[in-house]
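Got your viewer open? Let's take a short walk through this structure, one selection at a time.

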Amino acid sequence: MFEDLAKVGRYLGQAARLMVGVPDYDNYVQHMRITHPDQEAMTYEEFFRERQQARYGSGNGSCC
């Protein structure tokens with residue numbers, strides 16, 4: 001029962017982070033280890049910067 005509650009808590013935490021736009025670095029690292037073991041995962045700073053770039057673009061848009 002406690003395992004199920006822990007899983008639900010992790011799922012809800014991940015969902016909340018994604019809703020506010022915070023990328024999930026731990027899932028990225030796990031994905032890289034499993035799917036791309038021959039490639040090195042980005043550091044948290046590199047990952048965060050890349051996700052920000054992907055979300056907001058290069059800043060050369062026509063806004064403001």
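## A stroll from helix 3 and back

Start by selecting Q52, which sits in helix 3, the stretch covering residues 44-56. Keep in mind that you're looking at a predicted model. Is Q52 buried, exposed or partly exposed? Its relative accessible area is 26%, so Q52 ends up as partly exposed. Now add P23 to your selection and draw a distance between the two C-alpha atoms: Q52 and P23 are 29 residues apart along the chain, and their C-alpha atoms are separated by 8.8 Å.

Before moving on, zoom out and switch to a cartoon view. You should find three helices and zero strands in the protein chain, so to speak a plain α-α-α pattern when read along the sequence. The chain has 64 residues, and 11% of them count as buried. Its exposed surface comes to about 5700 Å², with carbon and sulfur atoms supplying 56% of that.

**Next stop: the nonpolar core.** Select Y25, Y28, V29, M32 and F47 and show their side chains. These five residues make up the largest nonpolar core. Which helix gives the most to this core? Helix 2, residues 25-35, does, with four residues. As a bit of background, nonpolar side chains in soluble globular proteins tend to be buried together.

Stay here and pick out V29, in helix 2. V29 counts as buried because its relative accessibility is 13%, and the cut-off for buried is under 20%. Then click on Y44. V29 and Y44 lie 15 residues apart along the chain, with 9.4 Å between their C-alpha atoms.

Now highlight F47, another member of the core. What does F47 touch, leaving aside its neighbours within four places in sequence? Its contacts are P23, D24, Y25, Y28 and M42. Two of those names, Y25 and Y28, you've already met in the core.

**Follow the contact to D24.** From F47, hop over to D24, which lies in the loop between helix 1 and helix 2. Is D24 buried or exposed? With a relative accessibility of 15%, D24 counts as buried. Turn on its side chain together with that of N27, and you'll find a polar contact of 2.9 Å joining the two. Not counting residues up to four places away in sequence, D24 touches Q14, R17 and F47, so add Q14 and R17 to the picture to see the whole set.

**Over to the salt bridge.** How many salt bridges does the structure hold? Just one. To see it, select R51 and E50 and look at their side chains: the closest N and O atoms are 2.8 Å apart. Both partners are partly exposed: R51 has a relative accessible area of 35%, and E50 comes in at 33%.

**Last stop: a patch on the surface.** Turn on the surface and select M1, F2 and L5. Together they form a nonpolar patch with about 430 Å² of accessible area. Zoom in on F2, which has its place in helix 1, residues 2-19. Why is F2 called exposed? Because its relative accessible area is 70%, and exposed means over 50%. For a contrast, flick back to V29, which counts as buried at 13%.

Conventions: Residues are numbered from 1 along each chain as its sequence is written. This is a predicted model: local features need pLDDT of at least 70, side-chain atom pairs count only at pLDDT 80 or more; totals for chains, interfaces and linings use all residues. Side-chain values use heavy atoms; hydrogens and water are left out. A nonpolar core is a set of buried Ala, Val, Leu, Ile, Met, Phe, Trp, Tyr and Cys residues joined through side-chain atoms within 4.5 Å. Buried means under 20% relative accessible area, exposed over 50%, partly exposed in between (1.4 Å probe, protein chains only). Helices (H or I, at least four residues) and strands (E, at least two) are DSSP runs, numbered from the N terminus. Contact means heavy atoms within 4.5 Å. Patches are made of residues with over 30% relative accessible area and no salt bridge: like charges are joined within 9 Å, nonpolar side chains (Val, Leu, Ile, Met, Phe, Trp, Tyr) within 5 Å. Accessible areas come from the Shrake-Rupley method with a 1.4 Å probe; for residues, only the protein chains shown count as cover. A salt bridge is a side-chain nitrogen of Lys or Arg within 4 Å of a carboxyl oxygen of Asp or Glu. A polar contact is a pair of N or O atoms within 3.5 Å; within protein, one must be able to donate a hydrogen and the other to accept it, and residues adjacent in sequence count only if both atoms are side-chain atoms.
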